[in-house]
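Biologist: Got a minute to go through this one with me? Let's put it on screen first.

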Amino acid sequence: MSVITVENISKQYIIDHQKGKGGTTLRDVITENLKSLIGKKTKTTITHEEFWALKDVNFSIEQGDRVGIVGHNGAGKSTMLKILSKIIQPTTGMVRIKGRVASLLEVGTGFHPELTGRENIYLNGSLLGMSRTEIRKQFDAIVAFAGVEKFLDTPVKRYSSGMYVRLGFAISAHLDPEIMIVDEVLAVGDAEFQKKSLGKMRDNSASGRTIIFVSHNLTAVQALCNKTLYFEKGRLIEQGETNQVIASYISKVSKTRLVRQWDTPKEAPGNDLVRIRRIELVPDYPDNLTHIDVRTPMTLRFEFWNQMDNANLNLSMHLNSLTGECIFNVGTQSQPYGKGLIAAECTIPGYFLNDGSYTISMMVVKDTVTPLFVMEEAITFDVEDYREGIAWYGKWPGYVRPQFPFHIKMLEPVASKQ
Amino acid sequence: MQTHEVIIEPGRSERHYWADLWRNRELMYILSMRDVSVRYKQTALGTAWGLIRPLTTMLIMVFVFSKIAKLPPDPGVPYPLMVLGGITVWTFFSTAFTQISNSVTLNSNLVTKVYFPRLIMPISAVAVSFVDFLVSLGLFILLAIWYQFIPDWHLLLLPAFIVLALMASFAFGLFFAAVNVRFRDIGQLIPFVVQVGFYVCPIAYSSRLVADKANEWWAPFYWLNPMVGIIDGFRWALLGERAYFNPKSLLLSVSIVFVCLALSLYFFRKRENTFVDDI
C-alpha cells in the first residue's frame with residue numbers, strides 16, 4: 001500500500017531584483033502603485049526572476065519504506081520535505097498522504113530559552129503533534145533518554161548545547177506517528193548521541209513505520225534506508241535501491257578530475273623552462289568498485305618536458321584538503337637532466353587518506369630551491385567513506401585514516417562468580 | 001488513531017480547517033501559557049507590573065486631565081473611576097491588537113518548521129493581554145470599593161463588552177498580522193496607531209463632551225470610531241446609568257467590528273499559506 005503519492009509537484013519562487021535595494025518595503029509598493037495610477041512609468045526597474053526549487057517531481061512511498069533523500073545543497077530536498085509537512089504549498093501538483101505525519105525539521109522546534117526543560121517538553125511535544133496525555137505518558141522516557149533529570153526545572157538557556165540537542169531529539173524520538181519525516185537532525189550532537197538516535201530511528205522503522213530521511217551523511221542513509229531518492233537542481237533524477245542510487249550519486253556529483261593531458265609543448269601549461277605534458281591519478285580499485293574510497297590505493301603519474309640543458313631538477317607534490325590545508329608534501333631526488341620528456345610516479349597507499357575531497361598540486365624545482373613552475377590543483381578527487389562492522393556513522397575525525405598495528409588483549413581475566 | 005488521508009494541492013485550504021483548529025486547542029493553550037510565563041521572567045517585580053502600569057497611567061491622567069485641564073467626569077462618577085474603566089478596556093484592546101499583529105512574525109521560527117492552522121498564533125497571543133486585563137479589572141474593583149461605588153444590574157452585560165473588545169482587536173489585528181509578514185512597516189505603525197487611538201477614544205474624557213458638541217463638523221467622524229461604542233458600553237456596564245451611553249453608537253461599533261472581522265479573517269486565511277514564503 002503506498003502511503004505517500006507525489007504527482008507532478010513543482011515549487012516556484014519569484015526572486016525580485018531591484019537596483020540598489022535590499023527588499024520590497026511598503027513604501028515601494030505604494031509608490032509603484034501610485035505612479036502607475038497616475039500613468040507614470042517608473043525609473044526603478046524591478047526584475048522578476050523565476051526560480052524552480054522543485055520541478056515535476058513524481059514518486060510514491062510504500063508503507064514501511066525507509067526512504068533516504070540525497071542531493072547537493074539547493075537540490076530541493078528540504079523544499080520537498082516542507083511540502084510533505086504541509087509547511088509550504090506547492091505551485092503545481094498534488095500529494096496524497098495516508099496516515100499521521102510527524103515532521104522533524106530541526107531539533108527542539110519552538111524551544112523557548114526562558115522556559116524550563118519541563119515546560120519545553122510540553123511546548124515542543126505539542127508542536128510536533130503530541131497530545132498532553134501522550135506527553136505525560138512518555139515524559140519519564142523522554143527525560144531518561146535525554147539524560148537531563150537534574151535540569152528539568154532549569155531554563156533551557158542555561159543548558160549546554162549538547163543537552164539542548166539531546167532533549168530536542170528525545171522528544172521527537174518518542175513521537176508515535178505512522179510517517180516520520182526527518183531532516184538532517186543527525187548532523188548535530190556528539191558521536192555517541194548520534195549513534196543512539198540512529199539506533200532509535202531504526203527501532204522505530206522495525207515496527208513498520210514509514211520514514212523519510214534527508215541527510216548529507218551517505219553512510220547514515222545507507223545504514224538506515226532501503227530506498228533512496230536523488231535530487232538535483234529541483235528534479236528527481238534517480239530513485240531505487242539505496243546502494244544503487246548512492247553509487248550513481250557519488251559518481252555523478254564528485255568533482256573528480258583524474259587526468260589532464262596536452263599533446264604538444266606549445267599548448268601545454270608551463271613556461272620556457274618546463275612544460276607539463278600529462279598528470280594522472282590512477283586508482284587501483286579493489287573488487288568491482290567504481291569510485292575511490294578509503295581503501296583505494298592510487299598512483300600519481302606525471303610527465304613534463306624539460307627545455308633546459310643540464311639542469312638539476314626535482315618534483316614536489318602537495319596534497320591539499322578542500323579547504324586548502326596541505327596534508328602532506330613529498331618530493332623526488334634532485335638529479336641533473338638534459339632536454340627531453342621526463343616521467344615520475346608516486347603511489348599513495350590505501351587505508352591512508354580519510355574520506356573527503358582533495359586536490360593535488362605539482363611543483364617543478366631547480367637546484368632544490370627555485371620553483372620553476374607550479375601547477376595548482378592539477379588533480380581533484382573525492383575519497384568516499386567505507387566502514388565495516390562499525391555501528392557508528394559520525395564523521396570520522398582527522399585528515400588521514402591509517403590502519404596502524406594496534407594490539408589489544410586481556411591481561412588478567414577475573415573469574416566470574418557463579 | 002484512524003487513518004485519514006491528507007491531500008496537498010496548490011491553493012487548497014485545509015478542508016477541515018476549523019476542526020483542525022479545534023484539534024490543536026492544546027497547542028493553543030500551551031502557546032498561551034508560554035507567553036504568559038515568559039512575560040515577567042527575570043523581572044524583579046514580576047506580575048506586579050500588571051498592576052503598576054494601569055495604576056500609574058490613571059494617576060497621571062487624573063493629574064493632567066482632571067487637576068490641570070479640569071475635564072469634567074460624567075455627573076455622579078468619580079473621575080479616577082471613569083478613567084480607570086476606560087484605561088482597562090482600552091489597554092486590553094490595544095495590547096491584544098498589538099500582540100495579534102506581531103503574532104505571526106514573532107513566531108516565524110515555528111512558521112518555517114511546523115504546520116498548524118496559523119490562526120493559532122493570533123488566538124494564543126491574546127492570553128497575555130487578558131491576564132493584564134484581569135489585573136486591571138481587579139484594580140478597578142478595589143478603587144470602586146474605595147469610592148463606595150456599588151455597581152447595578154448593568155454589570156451582567158460586562159462579558160458582552162469584553163468579547164466585543166476582543167473581537168475588535170481581532171478585526172484589526174488579523175489584517176495587520178498578515179500584512180506584517182510581508183511588510184515590517186506594520187511594526188512601526190502599530191505603536192503609533194495605539195498612541196493616536198488613546199486620544200481619539202473616550203478614555204480621559206467622556207463621550208458626553210462630544211455629544212454636547214454635535215454641531216461641530218468633526219462630530220460625526222468621532223462616532224465612526226468603533227472603539228467609542230465599545231469603551232462607552234464597557235464603562236456603562238461597570239458604572240451604570242450615570243455613565244454616558246449611546247445605543248446608536250454601540251450599534252454602529254458592532255456593525256463595523258463584524259464587517260472588519262469578517263474581512264480580516266478572510267484576508268488572513270487567504271494569506272496564511274504563503275506566510276512561509278514571505279517571512
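Modeller: We'll take the fold of chain B, then its contact with chain A. Keep in mind that this is a predicted model.

Biologist: Fine. How many helices and strands are in chain B?

Modeller: Chain B has 13 helices and one strand. The strand comes at the N-terminal end of the order, and the helices follow.

Biologist: What's the radius of gyration of chain B?

Modeller: It is 20 Å. A compact globule of 279 residues would come out near 19 Å, so chain B agrees with that. The C-alpha trace spans about 65 × 45 × 35 Å along its principal axes.

Biologist: And how much of chain B is buried?

Modeller: Buried residues are 41% of the 279.

Biologist: What about contacts between residues 24 or more positions apart?

Modeller: They account for 83% of the chain B contacts with a separation of 6 or more.

Biologist: Switching topic. How many residues does each chain give to the contact?

Modeller: Chain B gives 26 residues and chain A gives 33. On the chain B side, β1, α2, α5 and α13 each give two or more.

Biologist: Which element has the largest share there?

Modeller: That's α2(B), with six residues.

Biologist: What's the chemistry of that side of chain B?

Modeller: It divides into 13 nonpolar, eight charged and five polar residues.

Biologist: Back to β1(B). Which strand is it joined to, and how do they run, parallel or antiparallel?

Modeller: Strand β4 of chain A, residues 92–98, is joined to β1(B) by four bridges. The two run antiparallel.

Biologist: Which residue of β1(B) is the bridge partner of R96(A)?

Modeller: I7(B).

Key. Residues are numbered from 1 along each chain as its sequence is written. Chains are lettered from A and ligands numbered from 1 in the order in which they are written. This is a predicted model: local features need pLDDT of at least 70, side-chain atom pairs count only at pLDDT 80 or more; totals for chains, interfaces and linings use all residues. The radius of gyration is taken over C-alpha atoms; the globule rule is 2.2 Å times the number of residues to the power 0.38. A residue is buried if 20 or more other C-beta atoms lie within 10 Å of its own, exposed if 12 or fewer, and partly exposed in between; C-beta atoms are placed from the backbone. Two residues are in contact if their C-beta atoms, placed from the backbone, lie within 7 Å. Ala, Val, Leu, Ile, Met, Phe, Trp, Tyr, Cys and Pro count as nonpolar, Asp, Glu, Lys and Arg as charged, and the others, Gly among them, as polar. Two strands pair if DSSP finds at least two bridges between them.
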